[in-house]
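Subject: Structure handover

Hello,

Here is the structure you were due to receive. My notes on it follow below.

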Amino acid sequence: MKKIKSIVLACSVAIASFTACNDTLDINTDPLSASSADPNVILPYVFVQHSARKVTELGTRICDVSQYISATFNSPKLGNVSGTLSGNTWGMLYSQILGNLQLVINDAEASGATSNNVNAIAKILSANAFYEATSIWGDVPFTEALDGVAFPSPKFDNQETVLNGVVRLLDESIVLIDAIPADAFIINPNSDMYYGGDMSKWRILANSLKLRSLMLLKSGGADVTTQINAALSQPLMQSNSEAAFLEYAGGPGASNGTFTIITAFFGPDNESQNVFGPGDPIDNLLNGSGDPRWDLWVARNTLPAPGNAVFPDTSTSVLSNNVIRATLADVLMQPSEIDLYKAQLALEGFATAGSAMVNYQNGIKNSIEWWGKDGSNIVNTVSDADIALYLGTLTTPTINDVYNEQYLASFLMPVLAWNNVRRNKVPVLATPPGSSIPTFLKRFNYPPDEIGANVNTPSPLPTNTPMWFENL
C-alpha cells in the first residue's frame, strides 16, 4: 500500500495542477506584463488558485512533515524536496497569486480612494502570500519581486526583511480600510470568497495576520514588543464567525482537493481506504484526554495510531470521514490562533494580552467549536454541555501546554502547523525513519526554474538548516 500511495501522487498532482490551471480561470498568462485587471475576475481566481494548490499538492505532501498526519505520498519529510513540488508552489505564490494581485493593486491605486476596499483586500492577500513564501523557503524576493521590467532578476531578501515587509503591507491595508469613502467601489460579494465584501472583517483579518507575523519576528529575536502591544489593542479575531476560509460545496468540481485525491485514486472515503492516519503527536495529545476533537478527528480511535511515517490499515486508527470530506473548508485563519498567541504572550509578561488562563480556554473552546459546531458544513457536532465539561477540566497552562494547543489549533493548516513546530520546538518531533537529515524538514529547496532564470538565487542550503525565526 505504501508503494502504491507513493506512485499515485504523480497522477494526483497532475489532477491538482490541471484543476488549478483550468483555462477558464487563466486570467493572465504573463501577469507581470498585463496592464489592468478587473478585481471581480482576478480575486476569485486568486482565492481558487491558492486553495487548490494548498489543499492538494502542498497540503497533502507536507502534512507529515509536522506529523499531524502519520504519512503521505511523495513527501519531502526525508530531506529531499522535489523540483515539481517546490516549483509548483513557487509558481502559485509568485505568478498566480502575487503577480495578479499586483495588477489589482496598480489599478486600485490609479483609481484613488474609491477603490480603497479593493486595494486593501489585494494587499492583505499579498502579505499572506509573502508570509507563506518566506515560511517555506526563508530568503525570498520581496523588495524587487513584482517589477519584472525594473528587476528581471530580483534579489532575495532575508526573512526578517520579508516579515517586516509583510507587517508594513498589512498596516497599509488597515489605513486604506479606515479611509474608505462613502462612494467607494463596492466589490461583488461573490468575488470576496472570505467575507463577501465585509470590510470590517477584513480589518480584523489584517490585524490578526499582523500579529501572526510579529510572533515569527519575535521568535527570531527582533524587538517587536511595541508593535505587539499595539496589535493587541486593535480588533482581532474573537469568534469563529470572523474566521477566514474558503468554503467547498461538495460534488463534482466543488470538492475539497484532499478528498478528491482519495476518491480519484483509492475509493469512496478515507476511513475505508486508509489513506490518512493521525500522527503520533495527535494521538499522544488527544487520546484519552477527554478533548472532543479526538472523536471528531479520529475514527477507530480505540486502536493504536499507525506510527510515524506509516500509513494506516484496518488494525490502526485513521482520520475520520468527518474531517476528510468533500465539504471540508480550507482555512486561512481562525480565532483560536489569536487566543493562543495571547495566552503565550501573557505567560511571557505582556500585560496587554490579558489572562493566560482565559485566553488558553478561549483558544481551545474556539477550536473545538470550529470542528464540532461553528465551522463550515459541519457534519458531526459537539454539544455545549460536552464542551463546557471538558473546559472545566483544564488547569492553569504552562508555556508547553500553550504550544501544544497552538499545534492542535493548526490541524490541517500545513504552513501554520509547520511554523508552530519550528518556532516552538513543541511537540518534539521524531526524525522520520530513513531520513537523509538528522531532524525533520526545515525548509524547501529553491525550484530549478528559478535557479536557472535568476542569477540572484542563493546557493541551496541543506533542508535541515533552521529558519531565521527558529533562532536556535
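To start with charged pairs in this predicted model: Glu57 and Arg53 form a salt bridge, with 2.7 Å between the closest N and O atoms. The two residues are four apart in helix α2 (residues 39-62), so about one helical turn separates them. Glu57 and Arg53 are both buried.

The structure holds 16 salt bridges. Another of them joins the side chains of Glu369 and Lys373, at 3.9 Å from N to O. Glu369 and Lys373 are also four residues apart, here in helix α13 (residues 356-374), and therefore about one helical turn from each other. Glu369 is buried, with a relative accessible area of 7%, whereas Lys373 is partly exposed at 39%. This pair belongs to a network of salt bridges that links Lys365, Glu369, Lys373 and Asp384.

A third case is the salt bridge between the side chains of Glu470 and Lys442, at 3.0 Å from N to O. This pair links distant parts of the chain: Glu470 is in the segment after α17, Lys442 is in the loop between α16 (414-424) and α17, and their positions lie 28 residues apart in the numbering. Glu470 counts as buried because its relative accessible area, 3%, is under 20%. Lys442, at 7% relative accessibility, is buried as well.

Glu450, in helix α17 (residues 448-453), has no such partner. Glu450 is buried but makes no salt bridge, and the nearest side chain of opposite charge, that of Lys155, is 14 Å away. What does the side chain of Glu450 make a polar contact with? The partner is the side chain of Trp90, at 3.3 Å. Beyond its neighbours within four places in sequence, Glu450 is in contact with Trp90, Phe156 and Thr457.

On the nonpolar side, the largest core has 137 residues. Those with the most contacts inside this core are Phe130, Tyr194, Trp202, Leu205, Trp297 and Phe444. Helix α4 (residues 116-137) supplies the largest share of the core, 13 residues. In soluble globular proteins, nonpolar side chains tend to be buried together. For Phe444, the contacts outside its neighbours within four places in sequence are Leu58, Ile62, Pro76, Val81, Leu85, Ser86, Thr89, Ile136, Trp137 and Trp418.

Helix α5 (residues 159-178) has the length its residue count predicts: at 1.5 Å a residue, its 20 residues should span 28 Å, and its end C-alpha atoms are 29 Å apart, which agrees. At the start of α5, a side-chain oxygen of Asn158 comes within 3.3 Å of the backbone nitrogen of Glu160. The buried residues of α5 include Val162, Leu163, Val166, Leu169, Leu170, Ile174 and Ile177. Among the elements that cover the buried residues of α5 are α4, α6 (199-220) and α7 (225-232).

Ser191 sits in the loop between α5 and α6 and is buried, with a relative accessible area of 3%. Which residues does Ser191 touch, not counting those up to four places away in sequence? They are Pro39, Asn40, Leu43, Pro44 and Phe47. With Asn40, Ser191 makes a polar contact, side chain to side chain, at 2.9 Å. The C-alpha atoms of Ser191 and Val41 are separated by 7.2 Å, although the two residues are 150 apart along the chain.

Some backbone geometry to check against your own settings follows. Most residues other than glycine have a negative phi, and most peptide bonds are trans. The exceptions noted here are these:

- Val426 and Pro427 are joined by a cis peptide bond, with omega about -5°. Pro427 is in the loop between α16 and α17.
- Asn274 is not a glycine, yet its phi is positive, about 55°. Asn274 lies in the loop between α9 (270-273) and α10 (280-286) and is buried at 10% relative accessibility.
- Ala309 likewise has a positive phi, near 65°. The loop between β2 (298-299) and β3 (318-319) holds Ala309, which is buried at 13% relative accessibility.

Regards

Methods
Residues are numbered from 1 along each chain as its sequence is written. This is a predicted model: local features need pLDDT of at least 70, side-chain atom pairs count only at pLDDT 80 or more; totals for chains, interfaces and linings use all residues. Side-chain values use heavy atoms; hydrogens and water are left out. Buried means under 20% relative accessible area, exposed over 50%, partly exposed in between (1.4 Å probe, protein chains only). Lys and Arg count as positive and Asp and Glu as negative; His and the chain ends are not counted. A salt bridge is a side-chain nitrogen of Lys or Arg within 4 Å of a carboxyl oxygen of Asp or Glu. A polar contact is a pair of N or O atoms within 3.5 Å; within protein, one must be able to donate a hydrogen and the other to accept it, and residues adjacent in sequence count only if both atoms are side-chain atoms. Contact means heavy atoms within 4.5 Å. A nonpolar core is a set of buried Ala, Val, Leu, Ile, Met, Phe, Trp, Tyr and Cys residues joined through side-chain atoms within 4.5 Å. The expected span of a helix is 1.5 Å times one less than its number of residues.
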